[in-house]
Amino acid sequence: MRAPEFSLQDQNGRVVTLDQFKGSWLLLYFYPKDDTPGCTREACNFRDSSALFNNKGINIVGVSKDSVISHTKFTTKYNLNFPLLSDESKEVIKAYGAWGRKKFMGKEYEGIIRKSYLINPEGEIVKSYEKVNPLTHAKEILEKFEAQL
């Protein structure tokens, strides 16, 4: 399946597009909110594993509906070393199926569903991760990437 195109600003205000990753692997991960416990753990695990991802030629990019300013604060606070893209309109989030009904403490609401996609150098989604555990997600991706080669 072809990955939906995107063109969004990162934490530095630079526009990042899917086309920029042609010829290399991309892990595109969607997360609910900057600087919350689960999202912070997930981002820090990606940060701490970034050398392993780089060694395999995999770029990491996060997406949420938080603003560029929020992303700037989040990346600075936790020294994150990959782009976080701001999708305040939720167009890209919805295009990737990462928006929907959620349940928390018995209440249902609409929000970002924690999902990730591994996109190959040709721009095709080769693996989607639906039920993401923020504590082990980076390790899971690396193990499955090794197994598929």
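In this predicted model, the side chains of R47 and D48 meet in a salt bridge, with nitrogen and oxygen 2.8 Å apart. R47 is partly exposed, at a relative accessibility of 22%, whereas D48, at 53%, counts as exposed. Side chains of opposite charge can pair when their charged atoms come close. A search of the whole structure finds twelve salt bridges, and three of the pairs are set out below.

| Pair | Closest N to O distance |
|---|---|
| R47 and D48 | 2.8 Å |
| E130 and K115 | 3.1 Å |
| K139 and E143 | 3.9 Å |

The salt bridge between E130 and K115 links distant parts of the chain, since E130 sits in the loop between β9 (125-129) and α4 (137-148) while K115 belongs to strand β8 (residues 115-119), 15 residues away. The two partners also differ in their surroundings: K115 counts as buried, with a relative accessibility of 11%, and E130 counts as partly exposed, with 41%. K139 and E143, by contrast, both lie in helix α4, four residues apart, which is about one turn of the helix; K139 is exposed at 55% relative accessibility, and E143 is partly exposed at 47%. Salt bridges also link R101, E108 and E110 in a network.

A polar contact of another kind is found in helix α1 (residues 37-55), where T40 is placed: the side chain of T40 reaches the backbone oxygen of T36 at 2.8 Å. T40 has a relative accessible area of 10% and is therefore buried, the limit being under 20%. Leaving aside residues up to four places away in sequence, T40 touches D35, F74 and Y78.

On the surface, F104, M105 and Y109 form a nonpolar patch whose accessible area comes to about 390 Å² together. Of these residues, Y109 lies in strand β7 (residues 107-112) and is partly exposed, with a relative accessible area of 34%.

Turning to the chain as a whole, there are four helices and nine strands, which follow one another along the sequence in the pattern β-β-β-α-β-α-β-α-β-β-β-β-α. The radius of gyration is 14 Å, close to the 15 Å given by the globule rule for 149 residues, so the chain is as compact as a globular protein of that length. Its C-alpha atoms fill a box of roughly 40 × 35 × 30 Å along the principal axes. Buried residues make up 46% of the 149 residues, and the chain exposes about 7,800 Å², of which carbon and sulfur atoms supply 51%. Among contacts between residues at least 6 apart in sequence, 61% join residues at least 24 apart.

Definitions and conventions:
Residues numbered from 1 in each chain as written. Predicted model: local features only at pLDDT ≥ 70, side-chain atom pairs only at ≥ 80, totals over all residues. Heavy atoms only, no water. Patch = residues over 30% accessible without salt bridge, like charges linked within 9 Å, V, L, I, M, F, W, Y side chains within 5 Å. Areas by Shrake-Rupley, 256 points an atom, 1.4 Å probe, with all protein chains shown as cover. Salt bridge = Lys/Arg side-chain N within 4 Å of Asp/Glu carboxyl O. Helix = DSSP H or I, 4+ residues; strand = E, 2+ residues; numbered from the N terminus. Buried < 20%, exposed > 50% of the residue type's maximum accessible area, 1.4 Å probe, protein only. Polar contact = N/O pair within 3.5 Å; in protein donor to acceptor, adjacent residues only side chain to side chain. Contact = heavy atoms within 4.5 Å. Rg over C-alpha atoms; globule rule 2.2 N^0.38 Å.
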